[in-house]
Amino acid sequence: MHFADFLAGSFGGACGVAVGYPLDTVKVRIQTQKQFTGIWQCIVLTIRKEGVHGFFKGMFLPITTISMTSSVVFGTYRNCLQALSYIRKAENTKLDVFMSGLAGGVAQVSVMSPGDIVKVRLQCQTESRHSVNPKYSVKPKYSGPIHCLLSICREQGLSGLYRGALPLALRDGPSFATYFLTYHTLCARLTPDGQKEPGV
């Protein structure tokens with residue numbers, strides 16, 4: 001992968017994380033905590049109890065690791081495609097694209113799992129150090145992503161950072177396989193005859 005592609009992918013990924021993160025926090029809270037009964041109730045309660053900051057808890061780690069995750073996904077994908085093409089001495093098929101995407105999705109779990117577990121722990125932590133309402137004065141367990149990461153390692157060892165890694169791999173493998181296959185197929189359909197890639 002060229003450096004410009006890597007940089008653009010990292011920046012695009014970071015923007016995607018920032019835009020989707022508040023709703024991801026709402027989703028995680030509704031899935032894991034009984035006090036939240038619906039989307040609007042969760043949004044209102046989070047703002048009342050934690051302010052806007054409550055929607056962005058744990059975002060630091062996903063944004064800082066997105067470039068690592070992207071390089072593992074795209075690097076694995078590209079290398080698998082090249083290996084399959086070399087072994088078969090032929091151009092890559094759609095099955096090659098699918099299997100290479102699957103490998104990339106599974107491989108990125110190695111760097112994504114620790115960040116994901118920290119993200120979820122911080123999203124589920126509804127206590128706030130800077131509470132907008134004084135009656136909520138319970139001290140949060142984790143003071144930030146690094147403290148959360150170190151606490152998990154201290155309490156559960158390094159394996160604690162990989163709890164849930166298998167379901168994550170089972171989710172992201174097929175997800176990235178579908179992503180790459182869809183992208184590859186649409187690019188091929190949109191590329192005019194005689195050109196190597198689609199226009200703007």
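Are Lys57 and Glu50 buried or exposed? The points below take up this and other features of the structure, which is a predicted model.

1. **The pair Lys57 and Glu50.** Lys57 is buried, and Glu50 is buried as well. The side chains of these two residues meet in a salt bridge, with a distance of 2.7 Å from N to O. A search of the whole structure finds seven salt bridges, and a few others among them are described further on.

2. **Overall build.** The chain holds seven helices and zero strands, so that a reader following the sequence meets the pattern α-α-α-α-α-α-α. Along its principal axes, the C-alpha trace of the chain spans about 70 × 40 × 30 Å. Of the 200 residues in the chain, 34% are buried.

3. **A network of salt bridges around Asp24.** Asp24, Lys27 and Lys119 are linked in a network of salt bridges. Within this network, Asp24 forms a salt bridge with Lys27, where the closest N and O atoms are 3.7 Å apart. Both Asp24 and Lys27 lie in helix α1, and they are three residues apart, about one turn of the helix. Lys27 counts as partly exposed, since its relative accessibility is 40%.

4. **The link from Asp24 to Lys119.** Asp24 also takes part in a salt bridge with Lys119, for which the closest N and O atoms are 2.5 Å apart. Because Lys119 lies in helix α5 while Asp24 lies in helix α1, this pair ties together parts that are 95 residues apart in sequence. Lys119 counts as buried, with a relative accessibility of 9%.

5. **The second largest pocket.** This pocket has a volume of about 840 Å³, and 30 residues line it, of which Val17, Ile66, Met112, Arg171 and Asp172 lie nearest its centre. The elements that give two or more residues to its lining are α1 (3-32), α3 (60-88), α5 (109-124) and α7 (165-190). The helix that gives the most to the lining of this pocket is α1, with eleven residues.

6. **A nonpolar patch on the surface.** Phe60, Ile146 and Leu150 make a nonpolar surface patch of about 310 Å². One of these residues, Leu150, is found in helix α6, which covers residues 145-156.

7. **The backbone at Lys89.** A reader who checks the backbone angles may wish to look at Lys89, where phi is near 55°, a positive value in a residue other than glycine. Lys89 has its place in the loop between α3 and α4 (94-107). With a relative accessibility of 63%, Lys89 counts as exposed.

8. **Cysteines.** The count of disulfides in this model comes to zero. For Cys187 the reason can be given in terms of distance, because the closest cysteine sulfur, in Cys80, is 19 Å from the sulfur of Cys187, which is too far for a bond. A disulfide would need the two sulfur atoms to be within 2.5 Å. As for Cys15, this residue is partly exposed, with a relative accessible area of 35%.

How values were computed:
Residues are numbered from 1 along each chain as its sequence is written. This is a predicted model: local features need pLDDT of at least 70, side-chain atom pairs count only at pLDDT 80 or more; totals for chains, interfaces and linings use all residues. Side-chain values use heavy atoms; hydrogens and water are left out. Buried means under 20% relative accessible area, exposed over 50%, partly exposed in between (1.4 Å probe, protein chains only). Patches are made of residues with over 30% relative accessible area and no salt bridge: like charges are joined within 9 Å, nonpolar side chains (Val, Leu, Ile, Met, Phe, Trp, Tyr) within 5 Å. Accessible areas come from the Shrake-Rupley method with a 1.4 Å probe; for residues, only the protein chains shown count as cover. A salt bridge is a side-chain nitrogen of Lys or Arg within 4 Å of a carboxyl oxygen of Asp or Glu. Helices (H or I, at least four residues) and strands (E, at least two) are DSSP runs, numbered from the N terminus. On a 1 Å grid over the protein atoms alone, a cavity is a set of points where a 1.4 Å probe fits but cannot get out, and a pocket is an open set with protein on both sides within 12 Å along at least five of seven lines; lining residues have an atom within 4 Å of a point. Grid points are joined across faces, edges and corners, and a volume is the space filled by probe spheres set on the points.
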